[in-house]
Amino acid sequence: SWQKVEFKKSSEFGLEMIPSPTSASNVVAQLTGSPGKIIDLIIADDRGRIVYSNTLKIGDSGSLRYAIDFRSAISTGMYFVRATSEESVKNCKLLIR
């Protein structure tokens with residue numbers, strides 16, 4: 001039987017960088033939240049230099065898996081990921097080996 005599912009408009013969203021640790025050519029940002037939610041994604045190195053930025057939109061399914069394409073070579077080490085919507089901010093770390 002079919003069941004009606006309602007999505008509540010939520011200011012929250014989820015952010016996960018997978019896999020971590022990983023190589024620079026294999027980074028995926030996984031976002032979950034309200035369909036259509038706009039997320040600004042920034043990745044910075046340990047000195048605060050931005051190595052990647054993009055604006056992403058969560059799909060109709062309520063999730064988005066987005067392969068990160070670093071336009072230039074990045075070094076191994078710890079990176080800091082910040083995802084910002086109009087209502088909230090999520091932070092996580094990414095280890096590049």
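This tour visits one sheet in a predicted model, strand by strand.

**The whole sheet.** Begin by selecting strands S4, S3, S6 and S7, which in that order make up an open sheet of four strands with antiparallel pairing. At the edges stand S4 (50–57) and S7 (89–96); each has a single partner strand, so one side of each is left without a neighbour in the sheet. On average, neighbouring strands of this sheet are turned by 20° against each other, direction ignored.

**From the S4 edge to S3.** Next, select residues 38–44, which form strand S3. S3 and S4 run antiparallel and are joined by seven bridges. To see one of these pairings, select Ala44 together with Ile50, its bridge partner in S4.

**The turn between S3 and S4.** Which residue in the turn of this hairpin has a positive phi? Select Gly48, where phi is about 90°. Five residues lie between S3 and S4 in the hairpin.

**From S3 to S6.** Return to S3 and add S6 to the selection. How many bridges join S3 to S6? There are five, and the two strands run antiparallel. For a pair to display, choose Ile42 and Arg82, its bridge partner in S6.

**From S6 to the S7 edge.** Finally, select residues 77–84, strand S6, and keep S7 in view. S6 pairs with S7 over eight bridges, in the antiparallel sense. Which residue in S7 is the bridge partner of Tyr79? Select Leu94 to find this partner. The tour ends here at S7, an edge of the sheet with a single partner strand.

Key
Residues are numbered from 1 along each chain as its sequence is written. This is a predicted model: local features need pLDDT of at least 70, side-chain atom pairs count only at pLDDT 80 or more; totals for chains, interfaces and linings use all residues. Side-chain values use heavy atoms; hydrogens and water are left out. Two strands pair if DSSP finds at least two bridges between them. Axes are lines fitted to C-alpha atoms, for helices over the stretch in contact, and angles run from 0 to 180 degrees between N-to-C directions.
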